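Here are my notes on this model, set out as numbered points. Please read them with the sequence and coordinates open.

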Amino acid sequence: MSIAEKIKVLIVDDQVTSRLLLSDALTQLGFKQITAAGDGEQGMKIMAEQPHHLVISDFNMPKMDGIGFLQAVRSNPNTKKAAFIILTAQGDRALVTKAAQLGANNVLAKPFTIEKMKAAIEAVFGALK
C-alpha cells in the first residue's frame, strides 16, 4: 500500500468544479480516502467528526475563508496536526506569508498541474510511492 492510499484528504473549496478537479488529480496520484466540503465551516464539522491527515483548502470562500479555516484547524487539539495546503489563484505574497505564519505547510497556486500538486504534497509527506 502506498503512502497516498493511507492519507485521508479533505478538500475545502466553494467551487464544485474545483473540488472535482482536485479530487480527480488526487485520485490520479493514488489517493483513495478523499472527502470534500464547500466552505471552512463545513470543513471543520467534517474534521471534528473524523480528523484527516491532509487538508487542501481554497482561500476565497463564503462563511469561513481559507485563513479562518486554517486558524480553526490549528487551534483545535484534535485537528492541529493535519497537514494544510492553501490553494489560491492570488499571487498575493502577504497571503502566502500570513498562511505560513499561521501554520500552513504549503501553498498551491491555481491553475495547478498534477505535477505541482504532487510536489506540494511530497514537500510535506515525502515521496508518495
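How near do the axes of helix α3 and helix α4 come, and at what angle do they cross? The points below begin there; bear in mind that this is a predicted model.

1. Helix packing. Helix α3 covers residues 40-49 and helix α4 covers residues 66-75; their axes come within 9 Å and cross at roughly 20 degrees. Since angles under 35 degrees count as roughly parallel, α3 is therefore roughly parallel to α4. The crossing of α3 and α4 is right-handed.

2. Residues at the α3/α4 contact. On the α3 side the contact is made by Gly40, Gly43, Met44 and Met47, and on the α4 side by Phe69, Ala72 and Val73. By class, these residues divide into 5 nonpolar and 2 polar, with no charged residue.

3. Aspartate 58. UniProt, in an unreviewed entry, lists Asp58 for "modified residue: 4-aspartylphosphate". In the model, aspartate 58 is found in strand β3, which spans residues 54-58. Aspartate 58 has 4% relative accessibility and so counts as buried, the cut-off for that class being under 20%. Leaving aside neighbours within four places in sequence, aspartate 58 is in contact with Val12, Asp13, Asp14, Gly66, Ile86, Leu87, Thr88 and Lys110.

4. Glycine 38. This residue lies in the loop between β2 (33-37) and α3. Is glycine 38 buried or exposed? Glycine 38 counts as buried because its relative accessibility is 18%, and the limit is under 20%. With neighbours within four places in sequence left aside, the contacts of glycine 38 are Asp13, Asp14, Arg19 and Met61. Glycine 38 and aspartate 13 are 25 residues apart along the chain, yet their C-alpha atoms are separated by 5.1 Å. Asp13 and Asp14 also appear among the contacts of aspartate 58.

5. The cis peptide. The bond from lysine 110 to proline 111 is cis, with omega near -5 degrees. Proline 111 is found in the loop that runs between β5 (106-109) and α6 (114-125). Lys110, on the other side of this bond, is one of the residues in contact with aspartate 58.

6. Lysine 63. Which sign does phi take at lysine 63? Phi is positive, near 65 degrees, in a residue other than glycine. Lysine 63 is found in the loop between β3 and α4. At 67% relative accessibility, lysine 63 counts as exposed, whereas aspartate 58 in β3 counts as buried.

Methods: Residues are numbered from 1 along each chain as its sequence is written. This is a predicted model: local features need pLDDT of at least 70, side-chain atom pairs count only at pLDDT 80 or more; totals for chains, interfaces and linings use all residues. Side-chain values use heavy atoms; hydrogens and water are left out. Axes are lines fitted to C-alpha atoms, for helices over the stretch in contact, and angles run from 0 to 180 degrees between N-to-C directions. Helices (H or I, at least four residues) and strands (E, at least two) are DSSP runs, numbered from the N terminus. Angles under 35 degrees count as roughly parallel, over 145 as roughly antiparallel, 65 to 115 as roughly perpendicular and the rest as oblique. A crossing is left-handed if the near helix is turned anticlockwise from the far one by less than a right angle, and right-handed if clockwise. Contact means heavy atoms within 4.5 Å. Ala, Val, Leu, Ile, Met, Phe, Trp, Tyr, Cys and Pro count as nonpolar, Asp, Glu, Lys and Arg as charged, and the others, Gly among them, as polar. UniProt positions are given in the numbering used here, feature names are shortened, and annotations may be inferred rather than shown by experiment. Buried means under 20% relative accessible area, exposed over 50%, partly exposed in between (1.4 Å probe, protein chains only).
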